[in-house]
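Good morning, and thank you for making time for this item. Please look at the sequence and the structure before I go through them.

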Amino acid sequence: QWFFFLALLTAAAMAALAFLIIRSRWGRAFVAIRDSEVASLTAGISVARYKVLAFTLSAFYAGIAGGIFFFAVSGFISPDSIGIVLSINFLTAIVIGGLGSIMGSIIGGFVVVLLPDLATDLGTSFFGEQQGKQLWPSIYGAILIGVIILMPYGVAGFAHRLARLRSSDVIATLRGLPAAVSSR
């Protein structure tokens, strides 16, 4: 139980730190460099300095995560500790949650941890105990492909776009729908 609370407290602190960095001068410089290096140079932002700073911050976050992982695997870490499957799960978490947002990373982490169990439960409810356990990778892949097709900016991007949606835009689209359907 202590490890769960240690990991939760560390994750909350790192997310809060990332939020503060994004809202600071550094974060605005990072966004400017991501959008256009030439425009950033024109605005007087030292691209090389902020790229080194971004690398340093990512190494800091990786070091904290490695320290937590050290406690999780009982004090011994080797290059074999992190395999290709775990790396693919990290990539999957980013794709599902949404690239470029703190909330997307959090949502993606929860989904990747909970999705295999959900896929196994769906498989066992539809196909029985034995076949459901064997079919979970296929169900997991189908859910992942569905999220990629229906939400290309991830769950966080979809939620952000849904929050910005105005009722007047929806009504105008629904009014123009019969004309669009009849013209096709």
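**Surface, fold and two helix pairs**

The protein exposes about 13,400 Å², and carbon and sulfur atoms supply 71% of that area; accessible areas come from the Shrake-Rupley method with a 1.4 Å probe, and for residues only the protein chains shown count as cover. This is a predicted model, in which local features need pLDDT of at least 70 and side-chain atom pairs count only at pLDDT 80 or more, while totals for chains, interfaces and linings use all residues. Residues are numbered from 1 along each chain as its sequence is written, and side-chain values use heavy atoms, with hydrogens and water left out.

The protein has nine helices and zero strands; helices are DSSP runs of H or I with at least four residues, strands are runs of E with at least two, and both are numbered from the N terminus. Of the 184 residues, 18% count as buried, that is, under 20% relative accessible area, with exposed meaning over 50% and partly exposed in between (1.4 Å probe, protein chains only). The C-alpha trace spans about 60 × 60 × 25 Å along its principal axes.

I turn to the first pair. Helix α1 (residues 2–22) packs with helix α4 (residues 47–72) at an angle of about 175 degrees, their axes being 10 Å apart. Axes are lines fitted to C-alpha atoms, for helices over the stretch in contact, and angles run from 0 to 180 degrees between N-to-C directions. The two helices are therefore roughly antiparallel; angles over 145 degrees count as such, under 35 as roughly parallel, 65 to 115 as roughly perpendicular and the rest as oblique. Among the residues in contact (heavy atoms within 4.5 Å) are Trp-2, Phe-3 and Leu-6 of α1 and Phe-60, Tyr-61 and Phe-71 of α4. This contact comprises 15 nonpolar residues, one polar and no charged; Ala, Val, Leu, Ile, Met, Phe, Trp, Tyr, Cys and Pro count as nonpolar, Asp, Glu, Lys and Arg as charged, and the others, Gly among them, as polar.

The next pair is α5 (residues 84–97) and α8 (residues 154–164), whose axes come within 3 Å and cross at roughly 10 degrees. That makes α5 roughly parallel to α8. Val-95, Ile-96 and Gly-97 of α5 meet Gly-154, Val-155, Ala-156 and Gly-157 of α8.

Is Ala-156 buried or exposed? Ala-156 is buried, at a relative accessible area of 14%. Beyond its neighbours within four places in sequence, Ala-156 is in contact with Gly-97, Ser-101, Met-103, Gly-104 and Ile-107.
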